[in-house]
Amino acid sequence: MIKANYEELVKRIAELANVSVDEIKKRVEEKRARLSGLISAEGAAQLVAAELGVSFENQRFKIAQLLIGMKKVNVVGKVIEVYPIKKYIRGGQENEIASFLLADETASIKVVVWDTNIIEKIKNKEIKENCVVEIKNADVRGTTAKELHLGSRASIELSDEKIEKVVLEEFLPEKKLCDVNAGERINVRAFVVQAFQPAFFSVCPECGLRISYENDKAVCVKHGTVVPEKRALLSMIIDDGTDNLRAIAFHEVICKILKISKEDILKLQESDFWLDKKSELLGTEMIFSGRVRKNVLFDRLEFVIENAREVDVEKLIEKLSKNL
Ligand SMILES: [Zn+2]
């Protein structure tokens, strides 16, 4: 997917700049070499595009191809979920901000709407869940997660296009462990090389916050006395050949990693059950999605896993053979 997007982007830049694809690739590699590989191929391609005077304005993109910093781009997608409208105050005036999740065949993205006319369309349900829309003049913003921002020059119209199979996953860049930085949300393909028996802690069933005990009663700061829920925390070391990293996963994600049901989570407290699962887990290669954060206490980076899936070997072979 990454590869395909990069190729597509390079092709697009080459066409718009009227230069050969090889020339663009050469410039991208030069740029990356000069920046000591600190920049992704896509990021370098954007810089090359800017140097060549290429703009992506009014170009149509698939959601997975959108890159932070692109301006005035066009996208067609299906509205998956409309989120509640929020209010904010600027200059003493109350304003509204709308948002929804948009998806196409390649990925999903959060759309943030500032334009009052478009917010009106969402309020009166002209734009609602399951409709396919064409968005024009939108900007791609964000620090880690990409967002599509619709300001006053943006427009949105219902579209007749059919989008059969939407991909609901957010598109995250794939990275090597030696290249990760705190704050990034990424995909990593790595082996589990060590795993520690999960720790359990109690949370409020209403809000998920940790509870404290007063006179043997479980108390949530927000919800008072509650019947606590036990949550598990799994800590592992993952390795992709370039480096290793401490990775942690919570409750539901642990089920995906260990391939167990939610009912079996508490059984991880039993040594036999855990050792059994651990021996199956060690040496497994998976694609982990999540967020890199700095653990201040231990002064090290760690990876908070939000999703995990096994490497689809057949898909991988297909991808590799295409790149030959
Ligand atoms: Zn609570």
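In the predicted model, a salt bridge joins the side chains of E96 and K123, with a nitrogen-to-oxygen distance of 2.8 Å. This pair connects distant parts of the chain, since E96 lies in strand β2 (residues 93-103) and K123 in helix α4 (residues 116-123), 27 residues apart. E96 is partly exposed, at 24% relative accessibility, and K123 is likewise classed as partly exposed, at 39%. Side chains of opposite charge can pair when their charged atoms come close.

A search of the whole structure identifies 20 salt bridges. One of them is formed by E57 and K72, whose closest N and O atoms are 3.9 Å apart. Both E57 and K72 are located in the loop between α3 (41-51) and β1, and 15 residues separate them in a pair that links distant parts of the chain. The relative accessibility of E57 is 38%, which places this residue in the partly exposed class; K72, at 24%, is also partly exposed. A further salt bridge is found between E184 and K175, where the closest N and O atoms are 2.7 Å apart. Here E184 counts as buried, with a relative accessibility of 18%, because the buried class covers values under 20%. Its partner K175 is partly exposed, at a relative accessible area of 24%. In addition, E23, K26 and R27 are joined into one network by salt bridges that share partners.

The model also contains a zinc ion, which is coordinated by the SG atoms of C204, C207 and C220 and by the ND1 atom of H223, at 2.1 to 2.3 Å. The site has 4 donor atoms and is tetrahedral, with angles of 106 to 112° among them. Along the sequence, the donor residues follow the spacing C-x2-C-x12-C-x2-H. Within this site, C207 and H223 link distant parts of the chain: C207 belongs to the loop between β7 (185-203) and β8, whereas H223 belongs to the loop between β9 and β10 (224-225), and the two are 16 residues apart. C207 is partly exposed, with a relative accessible area of 28%. H223 is also partly exposed, with a relative accessible area of 36%.

Strand β9 (217-220) is preceded by a loop that connects it to β8 (212-214), and D216 is found in this loop. Although D216 is not a glycine, its phi is positive, at about 70°. D216 is exposed, with a relative accessible area of 78%, a value that falls in the exposed class because the cut-off for that class is over 50%. A positive phi also occurs at N137, another residue other than glycine, where the angle is near 60°. In contrast to the loop position of D216, N137 is found in strand β4.

Strand β4 (residues 132-141) takes part in several strand pairings. With strand β1 (residues 73-90), β4 pairs in the antiparallel sense over 5 bridges, and V132 of β4 stands opposite K78. An antiparallel pairing over 4 bridges connects β4 with strand β6 (residues 155-158); within this pairing, V133 has L158 of β6 as its bridge partner. Strand β5 (residues 147-150) is also antiparallel to β4, with 3 bridges between them. In that pairing, D139 is matched with H149 of β5.

At the level of the whole protein, the secondary structure comprises 7 helices and 14 strands. The C-alpha trace spans about 70 × 55 × 40 Å along its principal axes. Of the 324 residues, 41% are buried. When contacts between residues at least 6 apart in sequence are considered, 58% join residues at least 24 apart. The accessible surface amounts to about 18400 Å², and carbon and sulfur atoms account for 49% of this area.

Notes. Residues numbered from 1 in each chain as written. Predicted model: local features only at pLDDT ≥ 70, side-chain atom pairs only at ≥ 80, totals over all residues. Heavy atoms only, no water. Pairing = 2+ DSSP bridges. Buried < 20%, exposed > 50% of the residue type's maximum accessible area, 1.4 Å probe, protein only. Donors = N, O, S within 2.8 Å, 3.2 Å for Na, K, Ca; no water. Tetrahedral: all angles 85-135°; square planar, octahedral: opposite > 155°, others 65-115°. Salt bridge = Lys/Arg side-chain N within 4 Å of Asp/Glu carboxyl O. Contact = heavy atoms within 4.5 Å. Areas by Shrake-Rupley, 256 points an atom, 1.4 Å probe, with all protein chains shown as cover.
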